[in-house]
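Open the model in your viewer and keep the sequence panel beside it. The stops below go one selection at a time.

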Amino acid sequence: MPSFYLTTPIYYASGEPHLGHAYTTILGDVLARYRRRAGEDVLFLTGTDEHGQKIQEAAAEQGMTPTALCDLMAGRFQAAWRNLAISHDRFIRTTEDEHRAVVSALLERLRDNGLVYEGEYAGWYSVGQERYFTEKEIGPERVDPVAGGPVERIREKNYFFRMSQFQERLLRHVEANPDWIVPAARKNEVLGFLRRPLGDLSISRPRSRIHWGIPLPWDADQVTYVWVDALVNYVTASGAVSPEAPAGERGFDSPLASRWPADLHLIGKDILTNHAVYWPTLLMGAGLPLPRKILAHGWWVVEETKMSKSLGNVVDPLELRSSFGTDALRWYLMREMPTGQDASYTPDRFLVRYEELSNILGNLAHRVVSMVGRYRAGTTPGGPADGLRAETERAVDAYREGFERYRLHEGLAAAMELARRANGFVEEREPWLLARDPGRAAELDETLASLVRVLVTLACLFEPVAPGKALELAGRVGMERVPLLDEAVCMNVAGLAVSQGAPIFPRAGSPGGPPGGTDGEIAA
Ligand code: MSP
């Protein structure tokens with residue numbers, strides 16, 4: 001069975017999950033569900049990033065120990081993901097013993113390979129981004145160029161990783177594999193970065209300043225730089241490295257039977273350098289293969305500014321979910337943002353996307369089920385079901401192409417287009433007129449059966465993005481589960497018993513909807 005290992009960033013356990021985190025995680029979930037439905041053995045990893053200055057300071061501010069804060073926030077993220085129907089296979093926390101041991105083993109390995117030296121770092125540090133910036137990057141205002149937050153001048157002893165040694169090799173890798181980083185604009189950004197001199201990477205901090213981290217195996221007065229610690233999570237969860245094994249047999253150079261390398265790292269564009277430069281050079285230094293692909297998506301912005309906790313403009317995904325339901329939120333996020341580009345969150349656009357679900361897909365389901373009920377006593381007729389065949393094929397091809405090329409918004413648009421076409425087909429065939437003419441019974445049978453077949457196909461197409469509603473839709477046409485796409489397209493729908501219920505997507509503004517909290521809240 002082909003396998004697929006995909007990851008999201010691990011989110012800082014210093015703040016609540018927000019719409020940006022939800023976006024990446026839902027994107028991962030939609031891809032994971034799509035791949036599982038294609039018969040692949042998927043490992044979908046997410047988790048929380050729990051060490052470093054940011055967590056240490058957030059805990060102190062709230063009068064908590066870092067451990068208590070991380071436990072609380074890891075619980076919040078897990079609850080958020082349950083409420084958003086995330087189907088991750090593993091939730092990693094960087095404070096886990098297993099992970100701490102893998103980080104130590106990897107650092108030792110880099111040191112054994114002669115790639116670590118001691119030095120002094122002088123520079124500008126942003127706690128918000130957990131990274132140094134150059135004088136040029138912070139500009140005359142001396143603010144972090146990503147979120148505009150404060151930076152502090154730091155001079156201290158650090159250990160360094162000889163990242164510069166791998167510059168040429170990485171540059172060649174990016175040039176030789178044009179689809180390694182998608183979209184292309186992000187790849188070009190990395191190429192630009194790699195064509196300038198690449199420095200070495202500071203990989204530790206003095207314990208006197210930051211105590212909350214993984215101590216270096218050879219110098220307990222220094223803790224591992226949080227980004228090095230965090231990136232390694234992807235290897236920890238893969239099982240490629242066994243820290244308990246004797247030094248030569250831990251899996252470096254020849255990874256143990258495992259899920260490594262990852263097939264896909266999903267990230268936001270804010271952490272591109274960390275993933276496309278620091279991470280691959282660290283892997284090269286340790287003798288581990290590189291991930292197969294990095295997809296850097298854009299930002300959700302609110303009035304042109306990135307949504308971020310420090311700017312105080314975050315949208316709470318769970319609040320939106322409680323007004324419109326999980327699947328509507330997932331649909332909005334996936335359909336509205338062209339994968340890879342920025343998009344602006346506005347309540348108006350949310351409503352426009354919700355109305356597609358209710359006025360097009362929901363309406364189609366309602367009409368078809370009630371016509372089969374009214375004209376055929378609730379049982380899908382037999383005989384040919386060839387209406388909309390070409391349209392279905394076109395939609396399925398465009399959907400698959402969108403997903404394979406990581407242009408999910410296009411794949412999903414194709415699915416909605418099929419629902420729109422099916423509504424058009426109802427108008428063209430006018431089943432209410434056919435029903436009045438016994439001589440045209442076969443035509444009516446064919447019309448209804450074709451429409452039921454399209455509904456089954458739509459349940460398949462919508463399952464990755466709207467798993468709950470897709471199952472409901474399949475249920476309305478008498479199926480216990482959502483079939484696989486290939487099964488659906490050529491399925492014999494004769495005899496399926498349809499059942500009418502409350503609208504799947506109640507119209508926004510109607511007395512019964514949209515569905516406030518119908519999904520039920522799962523508390524942290
Ligand atoms: N802990 C690091 C990641 C370590 S991965 C080894 C981190 N955490 S974070 O909590 O700040 O999450 C950053 C990620 O959240 C982004 O890369 C992106 O996936 C997501 N987003 C956060 N804000 C976002 C938007 N406004 N829009 C879209 N996604 C954003 O960085």
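## Stop 1: a serine in a strand

This is a predicted model. Begin by selecting S126, which is found in strand β4. Is S126 buried or exposed? Its relative accessible area is 0%, so S126 is buried. Now show side chains and add D144 to the selection: the side chains of S126 and D144 make a polar contact at 3.5 Å.

## Stop 2: a second serine

Move to S202, in strand β8, which covers residues 201-202. S202 counts as buried because its relative accessible area is 4%, and the cut-off for buried is under 20%. Which side chains does S202 contact? One is that of N158, in a polar contact of 2.7 Å. Another is that of R205, where the polar contact is also given as 2.7 Å. Display S202, N158 and R205 together as sticks to see both contacts.

## Stop 3: the ligand

Select the ligand next and show the residues around it. How many residues surround the ligand? There are 24, and the closest are I10, T24, D49, G268 and W300.

Three pairs of atoms are worth labelling in the viewer:

- H21: a polar atom of its side chain lies 3.3 Å from an oxygen atom of the ligand.
- D270: an N or O atom in its side chain is 3.0 Å from an oxygen atom of the ligand.
- W300: here the backbone takes part, with an N or O atom 2.8 Å from a nitrogen atom of the ligand.

On its own the ligand has 670 Å² of accessible area, and the protein covers 95% of that. If you turn on a pocket display, the space taken by the ligand is the largest pocket.

Colour by secondary structure to see where the shell comes from. The elements that give two or more residues to the shell around the ligand are β1 (3-12), α1 (19-37), α8 (226-231) and α9 (233-238). Which element gives the largest share? It is β1, with four residues. Recolour by residue class, and the shell divides into twelve nonpolar, nine polar and three charged residues.

## Stop 4: an enclosed helix

Select residues 326-336, which form helix α12. Eleven of the eleven residues of α12 are buried, so the helix is largely enclosed by the rest of the structure. Among the buried residues of α12 are D327, R330, R335 and E336, as well as L329, W331 and L333. A surface display with this helix coloured is one way to look at it.

## Stop 5: two cis peptide bonds

Most residues other than glycine have a negative phi, and most peptide bonds are trans. This stop and the next visit exceptions.

Select V182 and P183. The peptide bond from V182 to P183 is cis, with omega near -5°. P183 has its place in the loop between β7 (181-182) and α7 (184-194).

Then select W260 and P261, which are joined by a cis peptide bond with omega of about 0°. P261 is in the loop between α9 and β12 (264-268). Is P261 buried or exposed? Its relative accessibility is 12%, so P261 counts as buried. Add R292 and draw a distance between C-alpha atoms: P261 and R292 are 31 residues apart along the chain, and their C-alpha atoms are separated by 6.8 Å.

## Stop 6: two positive phi values

Go to A85, in the loop between α3 (66-83) and β3 (90-93). Phi of A85 is near 60°, a positive value in a residue other than glycine. A85 counts as partly exposed because its relative accessibility is 24%.

E130 is the other selection at this stop. E130 lies in the loop between β4 (116-126) and β5 (131-133). Phi of E130 is positive, near 50°. With 1% relative accessibility, E130 counts as buried.

## Stop 7: the start of the chain

Finish at M1, in the segment before β1. Is M1 buried or exposed? At 78% relative accessibility, M1 counts as exposed. For a last distance, pick the C-alpha atoms of M1 and W260: these two residues are 259 residues apart along the chain, and the atoms are separated by 16 Å.

Conventions:
Residues are numbered from 1 along each chain as its sequence is written. This is a predicted model: local features need pLDDT of at least 70, side-chain atom pairs count only at pLDDT 80 or more; totals for chains, interfaces and linings use all residues. Side-chain values use heavy atoms; hydrogens and water are left out. A residue is near a molecule or strand if one of its heavy atoms lies within 4 Å of it. A polar contact is a pair of N or O atoms within 3.5 Å; within protein, one must be able to donate a hydrogen and the other to accept it, and residues adjacent in sequence count only if both atoms are side-chain atoms. Accessible areas come from the Shrake-Rupley method with a 1.4 Å probe; for residues, only the protein chains shown count as cover. On a 1 Å grid over the protein atoms alone, a cavity is a set of points where a 1.4 Å probe fits but cannot get out, and a pocket is an open set with protein on both sides within 12 Å along at least five of seven lines; lining residues have an atom within 4 Å of a point. A molecule sits in a cavity or pocket if more than half of its atoms lie within 2 Å of its grid points. Ala, Val, Leu, Ile, Met, Phe, Trp, Tyr, Cys and Pro count as nonpolar, Asp, Glu, Lys and Arg as charged, and the others, Gly among them, as polar. Buried means under 20% relative accessible area, exposed over 50%, partly exposed in between (1.4 Å probe, protein chains only).
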